[in-house]
Amino acid sequence: MVILYTRYANSVLASLEPRRSTRNYFSIFIMKRMKLILFKSWQEQIFPIETMRKAASLGFGACYADPEHGGTGLSRLDTTIIYEALAQGCVSTTAYITIHNMVTWMIDSNGNSEQRSKWVPQLAAMDKFGSYC
């Protein structure tokens, strides 16, 4: 029993290491690129379109959508780790990015082939911005 548990614990710990490096990568992006820009955008009451598109170029536009149409294909756990890092820079922008990703995922998961090939690449690149109410 102890051997089985030790193997399981070791496999869980091993799977965390790539996630830690992913989180560190995004934390660096946030500190270097997003934090000051987003604060300025917030002060000026503008939506930071160019910053969003830069984030999309890193995969933030379609975090858990299928790579077939431009998604990143990350797991929910990996995406949660990224969102946590993003929230350190700006909570409201992170909230928008999560909503945008839900829209992208809904089309990717429930749309037909034509809808997926039309909308997911545009949403992944943040050429189009998704939302719902």
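**Exercise 1.** Find which residues of α4 meet which residues of α5 in this predicted model.

*Solution.* Start with α4, where His100, Val103, Thr104, Ile107 and Asp108 face the partner helix in contact (heavy atoms within 4.5 Å). On the α5 side, the residues they meet are Gln115, Arg116, Trp119, Val120 and Leu123. Next, sort by class: the contact has five nonpolar, three polar and two charged residues.

A word on ground rules: residues are numbered from 1 along each chain as its sequence is written, and side-chain values use heavy atoms, leaving out hydrogens and water. Local features need pLDDT of at least 70 and side-chain atom pairs count only at pLDDT 80 or more, while totals for chains, interfaces and linings use all residues.

**Exercise 2.** Work out how α4 and α5 are oriented to each other.

*Solution.* First, take the geometry: α4 (residues 91-110) and α5 (residues 113-124) pack at about 160°, with axes 9 Å apart. Then apply the cut-off: angles over 145 degrees count as roughly antiparallel, so α4 and α5 are roughly antiparallel. Finally, add the hand, which is left-handed for this crossing.

**Exercise 3.** Locate the largest nonpolar core and the helices that supply it.

*Solution.* Look for buried residues (under 20% relative accessible area, 1.4 Å probe, protein chains only) joined through side-chain atoms within 4.5 Å. The largest such core has twelve residues, among them Met52, Phe60, Tyr83, Ile97 and Met126. Helices α2 (49-57), α3 (76-87) and α4 each supply at least two of its residues.

To finish, place this in the whole protein: there are five helices and zero strands, and buried residues make up 35% of the 133 residues.

Methods: Axes are lines fitted to C-alpha atoms, for helices over the stretch in contact, and angles run from 0 to 180 degrees between N-to-C directions. Helices (H or I, at least four residues) and strands (E, at least two) are DSSP runs, numbered from the N terminus. Angles under 35 degrees count as roughly parallel, over 145 as roughly antiparallel, 65 to 115 as roughly perpendicular and the rest as oblique. A crossing is left-handed if the near helix is turned anticlockwise from the far one by less than a right angle, and right-handed if clockwise. Ala, Val, Leu, Ile, Met, Phe, Trp, Tyr, Cys and Pro count as nonpolar, Asp, Glu, Lys and Arg as charged, and the others, Gly among them, as polar. Buried means under 20% relative accessible area, exposed over 50%, partly exposed in between (1.4 Å probe, protein chains only).
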